[in-house]
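Here is a short briefing for a first look at this chain. Keep the sequence and the 3D view at hand while reading.

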Amino acid sequence: MPVKPIAPWKEIPFLRLLAPFVAGIIFQWHYRLPMWPFTLIACCCFATMVFLSFTPETFRYRWRSLRGILIYLLLFCAAVFITWQKDASNNVNRLGRWYNDLSAIAVTIEEPLAEKNKSFKADASVDYLVLQVGLKKVNGKIILYFQKDVSLQKIGYGSQIIFKKPLQEIQNSGNPGAFDYRRYCHFQGIAHQVYLKPGEFKILADKKENLLKKIIYRSRERILNVLNKFIPSGRERGVAEALLIGYRDHLDKDLVQSYSNTGVVHVIAISGLHLGLIYAVLLFLFKPFGKRKISRWLRPAVIILILWSFSLLAGASASVLRSAVMFTALIISENRKHQSSIYNSLAASAFLLLCYNPFYLWDVGFQLSYAAVLSILLFQKPIDNWFYFQNKLLNKFWRLNAVTLSAQVLTVPVVMYHFHQFPTLFLFTNLLAVPLSGIILLGEILLCFVAVFPAPASLLGEALQYLISFMNNFIERMDRVPFSVVNGIRLSITETALLFATIAAVAWWLLKKKNAGLIGGLAFFMLFLSARAVYEIMLNKQEKIIVYNVPKLRAIDFISGRNYIFDGDSSLLEDAFMQNFHLKPSRIYHGIKRKNEIQGCYNKANLYLFGNKKILLLSGKLNNGGLLSQKLNPDLIIVTGNPAVYIDQLAKQFNINQIVFDSTNPLWKIQKWKKDCERLHLRFHSVPEQGAFIIDL
């Protein structure tokens, strides 16, 4: 009698556990509900499972599906509880609940100071507040910025300082499409920041250090010193530091953009690629010890220890932790002579990481690393089978391309959703960058071991610097190719989900020869095209004005359909990085291109006539003759350039409908203007405090 094959999903139990767990994380983050309903549901589920365990076997078999539903509900509730607990806003002793501007704050610096252009930066944990009633123990983290000064040499990891300076809440710029920095900090338990000058803080005598962290930071410092000594060139050293330990403070911004545009930014971001290479080398080095009894447990233990040590040195990012957990599961599985499903190991690593920190779910590196590994597991072999070459060198060349191609299948939607671009030359650039970065990584590890011998270390350092320089130049040349990257792609979360559904259905059709997969793939793709069509129609009809939140600079877009004209500081137009950071996300979000003029928008003496609206840009004194001396009724007044004006004068000269203060005005003056507006019952918007101002016409 033939044995009935095991259903594929039964071989991946962690995948079935992961689905309700992820659903619980997303549900709790979006709805922020209290815990008592879920505690009640969990207790009822547990009580029902206990009751079922005492019932007859025939009854349990009849209600076997109920047991699965109860387990899913328990996992959902567990995810809700873990997410609630990790959410710093639910902590009764959180900093924000007890802090006021009169409080003195004692903090412990949790990392070495990182040098920025005009300051030093570090994360710090808050120990206690000095209140009028005494000391109050609180929980929370803040970001410290120190003005550059010689006295900072006394400050490092574990240093404790006390200061009495008002904290600033971390805010987003409010610019459309911009990175949600406030949420990013919230996921790390950070809600405030402060800028300290010499004399505004006191260094306490005691230090509070964690032994493991101390060892890690000292090891990273020694590695950085070795790389600084033997790879002295700035750009090459920055790449070397990022490759080996994930230290990114010395990376050239333009170079990083080139790596991103050509689809190889993963080689300078510590990921599973690096850990996989080290894992392969360790397997090769420990291969002779595999047959001895004493090494049966010692060999895997040493490999796991080395992998986790490297992961901690590299900063323990989500992608590295994912790889470390997965490789650990694989090693344990192999040592037990039990070949478990690789998909189950992958799902187990994701489940464990999300138990540790549910907010990894929003980490782009976490999403990309899992998408890449899953994509390779699913599609590498079918793509590899497309061609076979008798020549071994050509066959290995094709197999490397097959890995690169397969990794892109599931990562492309993620890349387009988060980064709004698609690197067209990724296959060619990865072909050189991946093996070359692997050689450089192994060379850097060797350099750290031979650094005590100056002569060979110097030769190795020069060779590594040359290889890194060659890789950088190659990537920059590829980036200069006109069609190297397709920019301006904007996908909604719905469109991204439809793309994944299309890929899944078509893959099912191709791999399993199921016609239903083709029909489903076409249906999902038609829905995707319909969503895109609706989006395009909306873009063609849009008319709006955006006053951007760019520190100390004026930036205004007048948008009509798919075009816009820009009014702002010329220095902003000359700074590509500032444009990419502050303005480009919004222009991608709105699908617009710059024009010198657009229909229906006219400008004369800082008075814009746009649609049926009058917009006055007030950047000077009122009594300067010309247009400003006339009696006007503007629909919107934008105060810019820190003019010497008074709100009472504005109210006398104009019938004010709405007034906007942009980021070129100092905050102290905006505060004064706001009080005058409140007294006169005028509508106002402060861009540096409330974020970008957007008005639909």
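Strands here are DSSP runs of E with at least two residues, numbered from the N terminus. By that count D123 is found in strand β3, which covers residues 119–131. The model is a predicted one. The points below go from the whole chain to one sheet, one residue and one pocket.

**Whole chain**
- The chain has 24 helices and 22 strands.
- Its C-alpha atoms fill a box of roughly 95 × 65 × 65 Å along the principal axes.
- The radius of gyration is 29 Å, which agrees with the value near 26 Å for a compact globule of 697 residues.
- Of the 697 residues, 44% count as buried.
- Take the contacts between residues at least 6 apart in sequence: 65% of them join residues at least 24 apart.

**A five-stranded sheet**
- One open sheet holds 5 strands, in the order β15-β14-β13-β12-β22.
- The pairing in this sheet is mixed.
- Its edge strands are β15 (593–594) and β22 (693–696), and each of them pairs on one side only.
- Inside the sheet, β13 (residues 555–560) pairs with β14 (residues 563–568).
- That pairing is antiparallel and runs over 6 bridges.
- In this pair, I559 stands opposite Y564 of β14.

**Residue D123**
- Is D123 in strand β3 buried or exposed?
- D123 is buried, because its relative accessible area is 17% and the cut-off for buried is under 20%.
- Which residues does D123 touch, once neighbours within four places in sequence are left aside?
- The contacts of D123 are T108, I109, E110, E111, I142, I143 and I190.

**The second largest pocket**
- Rolling a probe the size of a water molecule over the atoms shows where empty space is left.
- The second largest pocket has a volume of about 660 Å³.
- Five elements give two or more residues to its lining: α7 (211–230), α8 (234–245), α10 (272–285), α11 (295–313) and α16 (426–450).
- The most comes from α16, with 5 residues.
- In total, 19 residues line this pocket.
- Nearest the pocket centre lie I306, F310, L313, I445 and F449.
- By class, the lining has 16 nonpolar, 2 polar and 1 charged residues.

Terms used:
Residues are numbered from 1 along each chain as its sequence is written. This is a predicted model: local features need pLDDT of at least 70, side-chain atom pairs count only at pLDDT 80 or more; totals for chains, interfaces and linings use all residues. Side-chain values use heavy atoms; hydrogens and water are left out. Two strands pair if DSSP finds at least two bridges between them. Helices (H or I, at least four residues) and strands (E, at least two) are DSSP runs, numbered from the N terminus. Buried means under 20% relative accessible area, exposed over 50%, partly exposed in between (1.4 Å probe, protein chains only). Contact means heavy atoms within 4.5 Å. On a 1 Å grid over the protein atoms alone, a cavity is a set of points where a 1.4 Å probe fits but cannot get out, and a pocket is an open set with protein on both sides within 12 Å along at least five of seven lines; lining residues have an atom within 4 Å of a point. Grid points are joined across faces, edges and corners, and a volume is the space filled by probe spheres set on the points. Ala, Val, Leu, Ile, Met, Phe, Trp, Tyr, Cys and Pro count as nonpolar, Asp, Glu, Lys and Arg as charged, and the others, Gly among them, as polar. The radius of gyration is taken over C-alpha atoms; the globule rule is 2.2 Å times the number of residues to the power 0.38.
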